Amino acid sequence: MQPSLRNPIRDRRIFLQAGLLAAGGALTSRSGLLATPSEKAVSANDMISVGIMGVNGRGRSLMKSFASNSGARVTHLCDVDTRATDRAAQELIDQGAAQPTITGDVRKMLEDKTLDAIVVAAPNHWHAPATIMGCAAGKHVYVEKPCSYTAQEGEWAVAAAQKHRRVVQMGSQRRSWPGLIEAIAKLKAGDIGEVLYSRTWYNSRRGSIGTGVTGAVPDWLDWDLWQGPAPRRPFKNNVVHYNWHWHWHWGNGELGNNGIHALDVARWGVDVTYPQRVTAGGGRHRFDDDQETPDTMMVTFDFPEGRTITWEGLSWSPLGPHESRFGISFHGTEGSLVIRDAKYVQFNLQDKPVLEGGGGGGDHVHLEDFLDAIRQGRRPNADILEAHRSTLLCHLGNIAYRTSSVLHTDPDNGAILNHPEAAALWTREYETGWEPTF
Ligand SMILES: NC(=O)c1ccc[n+]([C@@H]2O[C@H](COP(=O)([O-])OP(=O)(O)OC[C@H]3O[C@@H](n4cnc5c(N)ncnc54)[C@H](O)[C@@H]3O)[C@@H](O)[C@H]2O)c1
């Protein structure tokens, strides 16, 4: 999958903003191959050394997957929770790996010249800053979704990957699932006619996060480094772990949590890049607690090509369309196609299933693609540029929701037009000394 650079104005703006115009011409070749890496090259037979940032839930799972890959070695673990690193290190050793180097400070991990790649599985406010730091330190980066906490950070991450000629892959693993690649190929071949609309959804039954209490930081946690780029706040006992997702200061709500997975597939299948209008509705209907982000949300993205994508997220009600809690449906002039997990069903215009296909999922193929991309000096399946474009949909949906606005956006780059209050949410404030630089 080669991302097409169809938006030269936006791409130029990225370089201008980052002061990288001079470097812009030499970034990628037309074939999508990265220019020759300036740092340590990884040859076809080398083991790729991987360090994991954040080893609680997702990072721990990725650690195990990388450790079981014959082409990779997990050599470094980094977490600000000492309980998490202790547990992960033991599991890694039990899996047959050598004792990893352990640190709580990602900057120390990045100093190690023997390290080839990092996985960023810390909370969202760390995703782009750590990606940028990783690229600047000469590391390839597997960054969990969403690839940024703000739209601005997404642009910076793209620019950093290009400037430092690094492979940067987002953890939108569906881009590498054979069943979904097959389904999208059918859409692109016109099997359901012209695809005009895609519906995406997520349903689950999450509990309340309650009302937190501010107080002393537990002795197992480095709260300062957990916050990193985010302006400082007192420690509150219902944020770490996981529930930061539902606080705007660190997370992007369900849209940035599960919406990104579905919207990325929808944008891929409908074959659109940036929207021209974004509307959002919903609210916090289920619990009266500390959650700030909506538990019920509907977002509509209209694209200049005359295509529409919608997202419906219900974080408290498990019944979703097509008897599925998570899915993507595509609607064409000659039929429709529904994706559930890694499988798809194609329907004709009489709503009769005419074909079933797909299968194969998990993380392994996506990690394999990342490692191959490093060895081959090519863009990975979920390259940061495509990742940014999909993640931007989440940011725009959240901005529309937070400002109760219809957003009109520049179809050439996604920028918010004629709405200073909404445009202000394109970026964030940083803790002094933590502004991303590259
Ligand atoms: N691709 C997928 O299917 C998938 C699935 C689950 C989660 N995720 C993503 O993975 C990320 C992590 O999710 P999670 O559920 O494990 O979250 P979590 O809150 O449970 O774990 C995050 C970990 O990062 C650590 N951390 C925080 N700051 C750090 C720092 N400065 N340095 C090192 N470690 C730091 C925390 O201590 C914690 O151990 C999220 O951004 C989420 O969106 C992706």
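Let me start with β13 and β14, which pair in the antiparallel sense over five bridges. Two strands count as paired if DSSP finds at least two bridges between them. The strands and helices I name are DSSP runs, numbered from the N terminus: H or I over at least four residues for a helix, E over at least two for a strand. Before going on, a word on the source: this is a predicted model, where local features need pLDDT of at least 70, side-chain atom pairs count only at pLDDT 80 or more, and totals for chains, interfaces and linings use all residues. Residues are numbered from 1 along each chain as its sequence is written.

Back to the pair. K343 has G358 in β14 as its bridge partner. The two strands form a hairpin with five residues between them, and D351 in that turn has a positive phi of about 65°. D351 is not a glycine. As a general point, most residues other than glycine have a negative phi, and most peptide bonds are trans. Is D351 buried or exposed? D351 is exposed, because 8 other C-beta atoms lie within 10 Å. The cut-offs here are 20 or more other C-beta atoms within 10 Å of a residue's own for buried, 12 or fewer for exposed, and partly exposed in between, with C-beta atoms placed from the backbone.

On the other side of the hairpin story is β12, residues 335-340, which pairs with β13 in the antiparallel sense, again over five bridges. I339 stands opposite Y344 in β13. β12 and β13 also form a hairpin, with two residues between them, and D341 in the turn has a positive phi of about 50°.

Now the side chains of β13. Y344 and Q346 point to one face and are buried, while K343, V345 and F347 point to the other face and are not.

Next, the sheet these strands belong to. It is an open sheet of nine strands, in the order β14-β13-β12-β11-β7-β10-β9-β8-β15, with mixed pairing. Which strands stand at its edges? They are β14 and β15, each with a single partner strand, so one side of each is left without a neighbour in the sheet. At the β15 end, two bridges join β15 to β8, residues 277-283, and the two run antiparallel. V278 stands opposite L407 in β15.

Just ahead of β15 there is another positive phi. S404, not a glycine, has a phi of about 50°. S404 sits in the loop between α12 (384-402) and β15 (407-408). S404 is exposed, with 10 other C-beta atoms within 10 Å.

Moving to the interior. A nonpolar core here is a set of buried Ala, Val, Leu, Ile, Met, Phe, Trp, Tyr and Cys residues joined through C-beta atoms within 7 Å. The largest one has 56 residues, and I52, M53, V119, V120, A157 and I384 have the most contacts inside it. α7 gives the most to this core, with six residues. Apart from it lies another core, of 43 residues, among them W201, W268, V278 and Y401. In general, nonpolar side chains in soluble globular proteins tend to be buried together.

I384 is worth a look on its own. Leaving out residues up to four places away in sequence, I384 touches C147, A157, V158, A161, V168 and M170. Contact means that the C-beta atoms, placed from the backbone, lie within 7 Å. One of those partners, A161, is 23 residues from G138 in sequence and 9.6 Å from G138 in space, C-alpha to C-alpha. G138 is in the loop between α6 (127-136) and β5. G138 is partly exposed, with 17 other C-beta atoms within 10 Å.

There are also two cis peptide bonds to mention. One joins K145 and P146, with omega about -15°. P146 is in the loop between β5 (140-143) and α7 (151-164). Another joins V240 and H241, with omega about -5°. H241 is in the loop between α9 (223-227) and α10 (253-270).

H241 takes us to the ligand. Of the 28 residues around the ligand, G54, N56, G57, R58 and H241 come nearest. Being around it means having a C-beta atom, placed from the backbone, within 6 Å of the ligand. α3 (58-67) and α9 each supply at least two residues of this shell.

Where does the ligand lie with respect to domain 1 and domain 2? Domain 1 (8-173 + 365-383) and domain 2 (176-209 + 240-361 + 395-426) both give residues to the shell, so the ligand lies between them. Those domain bounds come from an automatic or database domain assignment.

Notes:
Two residues are in contact if their C-beta atoms, placed from the backbone, lie within 7 Å.
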